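Hello,

Here is the structure I promised to pass on to you. Have a look at it first, and then read on for what turned up in it.

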Amino acid sequence: MNAVLIIAKKELQSYFDSLIAYIMLVLFLGFSGFFTWLYGSDIFMVGQASLQSFFSIAYWTLFFFTPALTMRLLAEEKKTGTIEMLLTKAVSDRQVVLGKFLSALMLVMIALAFTVPYVITLSKLGNIDAGEVICGYGGLVLMSAAYISIGLYASSLTNNQIVAFLLALSIGLFFHIIFDVLASSFTGIPAQVFSTLSLSNHFESMSRGVVDSRDLIYFISIVFMGLFLSELSLTKRNLN
Amino acid sequence: MNIQIENLSKQYGYQKAVDHISFEVKPGEVLGFLGPNGAGKSTTMKMITGYLSIGEGDVRLGGKSVREYGDDLKKHIGYLPENNPLYLDMPVIDYLEFCAALQGVHSSDIGKRVREMVRVCGLNAEKHKKIGELSKGYRQRVGLAQAMIHDPEILVLDEPTTGLDPNQIVEIRKLIRELGKEKTVVLSTHILPEVEATCDRILIINKGKIVADGSAESLRKQATGQEIIKLRIEDASPDVIMQELRRLQNIDTVELVDKTMNRFEVQSASGKSSRREIFQLCVQKGWVLSELIPIETRLEDIFRNLTTN
């Protein structure tokens, strides 16, 4: 088995062993379910068989949950020194980063898989747009991947999990909301730049069922950037 | 697979942790790495195992440079890091399986290797516990087990016997000796008798530099300029014996250690032995020579001499 998958499997296992996975699943499904079905402008108020309200809730819940998943990935290993044990096994720094990234992404995908009953329920209530649903889920996965890679980078910078969590959240906040706010308060080229950087713009168009290559490139480049920087910061142990 | 270290250096900021050291370890050899804290032992080991990049110089394992083939060479190395870091929330068996899989042990052999390691390291009673629940000695065994799980050709052990009780220490030393017959073993330790018990060769390093290299015996030979003997001579008063001993040619100093038991400590002139003279003297005077104990220079003294100044 590939080293990336071995590490991913071990990390996923430890999410479930340490209860993090269960807490995350319960909270995610609780929040999303409550606001999707029971409270506020829920699915029944929209008057359409659309998962739009779920996507906009999950957009926020996942934003808060991903740093909680990623904060321990590297910070804990650095604190306990197990990183030395891990990196002297027959694996490269890159495989470690990819394995850890994959484990958090798999956990998010498991959480999203538990919301498939929403789709089934809704399809009994009316005609749903399959393309829109698939795009929306795709958008959530891509968004999570972006935040996981940012969180992984934050985790690679420190050996304190709380610092890693807050750091990931504050970097994420820029993409999540601040760039959008800045875009609306500027005009001209700065406005365009900020609007391109804003994750919410790209997510919104995806959750409406529009797949644009620019959105895909945007998400994938954040993921690559985050993973690249994480690997770089792991390798940096050598540069004293 | 041998280890060749060529002119290896590593600098942390302005401090040179390892300063142009060179040595070679062959298969079937156990090398003991000695030195005071901060001498550069762990840094050297980290460079051999590929955790830290090489500053200057090179490390070659089986002729291949770690600089170029680092990731490929890792699977030939078993490494027990300093302080033995482990995943405390993992059960012993799961952890060993994880390590075996990472080291590229074929999935059909993993079970067999894990069972073998559990047996060799005496982990049978604890194998289903989480590592965090184990005592320090058992954790150390898990650390050794993970280092040896893929049957590596090179073993690098940073203080392998810390935290073990005397029985375990004897077992682990025996194990290392056994492994050292075929494999290339480098171990570091603070415990000097351990080096004598397990290592074929000793390397003392101080402030990043090698200050001594050789077997325990050859180090002793270098260090002992003068022969020291403990004596017990009966049937005469200590003062008389002292006087007679002082007259002997080959004796440099005589010291009365224990008056009631007539015990003396004698230091011979450098390069000479005074044992025969002492015996002849006793025969001539009709004294009984009831003890004659040659004192070897202790490794501790050699170590202290080399590393303090």
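What percentage of the 309 residues in chain B is made up of buried residues? The answer is 39%. Please keep in mind that this is a predicted model.

**Chain B as a whole**

Chain B contains 11 helices and 14 strands. Its radius of gyration is 25 Å, while the globule rule gives 19 Å for 309 residues; the value is well over the rule, so chain B is more spread out than a compact globule. You can also see this chain's extent in its C-alpha trace, which spans about 80 × 45 × 30 Å along the principal axes. If you take the contacts in chain B with a separation of 6 or more, 68% of them are between residues 24 or more positions apart.

**The sheet of six strands**

A good place to start in chain B is an open sheet of 6 strands. Their order is β6-β7-β8-β3-β9-β10, and the pairing is mixed. Its edge strands are β6 (77-80) and β10 of chain B, each of which pairs on one side only. On average, neighbouring strands of this sheet are turned by 15 degrees against each other, with direction ignored.

A bit of background helps here: strands of a sheet pair through backbone hydrogen bonds, either parallel or antiparallel. This sheet gives you examples of each kind:

- β6(B) pairs with strand β7 (residues 154-158) of chain B in the parallel sense, over 4 bridges. Within this pair, Leu80(B) stands opposite Leu157(B).
- Strand β3 (residues 29-34) of chain B is parallel to β9(B), with 4 bridges. Here Leu34(B) is found opposite Ile204(B).
- β9(B) and strand β10 (residues 209-214) of chain B are antiparallel, over 5 bridges. Ile202(B) has Gly214(B) as its bridge partner.

Why is strand β9 of chain B described as largely enclosed by the rest of the structure? This strand covers residues 201-206, and 5 of its 6 residues are buried, so the rest of the structure largely encloses it. For this step you need the cut-off: a residue is buried if 20 or more other C-beta atoms lie within 10 Å of its own.

β9(B) and β10(B) also form a hairpin with 2 residues between the strands, and Lys207(B) takes a positive phi near 50 degrees there. Helix α11 (residues 299-307) of chain B packs on the sheet and touches β3, β9 and β10 of chain B. The direction of α11 makes about 35 degrees with that of β9(B).

**The sheet of four strands**

Chain B has another open sheet, with 4 strands in the order β12-β13-β11-β14 and antiparallel pairing. The edges are β12 (251-258) and β14 (288-295) of chain B, each pairing on one side only. From one strand to the next, the twist averages 25 degrees.

Strand β11 (residues 228-234) and strand β13 (residues 263-268) of chain B run antiparallel and are joined by 5 bridges. Ile228(B) stands opposite Gln267(B) in β13(B). Helix α9 (residues 238-247) of chain B lies across β11, β12 and β13 of chain B, and runs at about 165 degrees to β12(B).

**Chain A and its contact with chain B**

Now for chain A. Helix α1 (residues 3-17) of chain A has 15 residues, which at 1.5 Å a residue should span 21 Å; its end C-alpha atoms are 21 Å apart, which agrees. Among the buried residues of α1(A) are Ile6(A), Ile7(A) and Tyr15(A). The buried residues of this helix pack against α2 (20-38) and α6 (93-113) of chain A, together with α3 (92-102) of chain B. Just after α1(A), Leu19(A) takes a positive phi of about 70 degrees.

How many residues does each chain bring to the contact? Chain A brings 21 residues and chain B brings 24 residues. On the side of chain A that touches chain B, α1(A) gives the most, with 5 residues. The residues on that side of chain A divide into 7 nonpolar, 9 polar and 5 charged.

One last spot to look up is Glu76(A), in helix α4 (residues 52-80) of chain A. Glu76(A) has 19 other C-beta atoms within 10 Å and is partly exposed. Its C-alpha atom is separated by 6.1 Å from that of Asn159(A), although these residues are 83 residues apart along the chain.

Enjoy exploring it!

Best wishes

Definitions and conventions
Residues are numbered from 1 along each chain as its sequence is written. Chains are lettered from A and ligands numbered from 1 in the order in which they are written. This is a predicted model: local features need pLDDT of at least 70, side-chain atom pairs count only at pLDDT 80 or more; totals for chains, interfaces and linings use all residues. The radius of gyration is taken over C-alpha atoms; the globule rule is 2.2 Å times the number of residues to the power 0.38. A residue is buried if 20 or more other C-beta atoms lie within 10 Å of its own, exposed if 12 or fewer, and partly exposed in between; C-beta atoms are placed from the backbone. Two residues are in contact if their C-beta atoms, placed from the backbone, lie within 7 Å. Two strands pair if DSSP finds at least two bridges between them. The expected span of a helix is 1.5 Å times one less than its number of residues. Ala, Val, Leu, Ile, Met, Phe, Trp, Tyr, Cys and Pro count as nonpolar, Asp, Glu, Lys and Arg as charged, and the others, Gly among them, as polar. Axes are lines fitted to C-alpha atoms, for helices over the stretch in contact, and angles run from 0 to 180 degrees between N-to-C directions.
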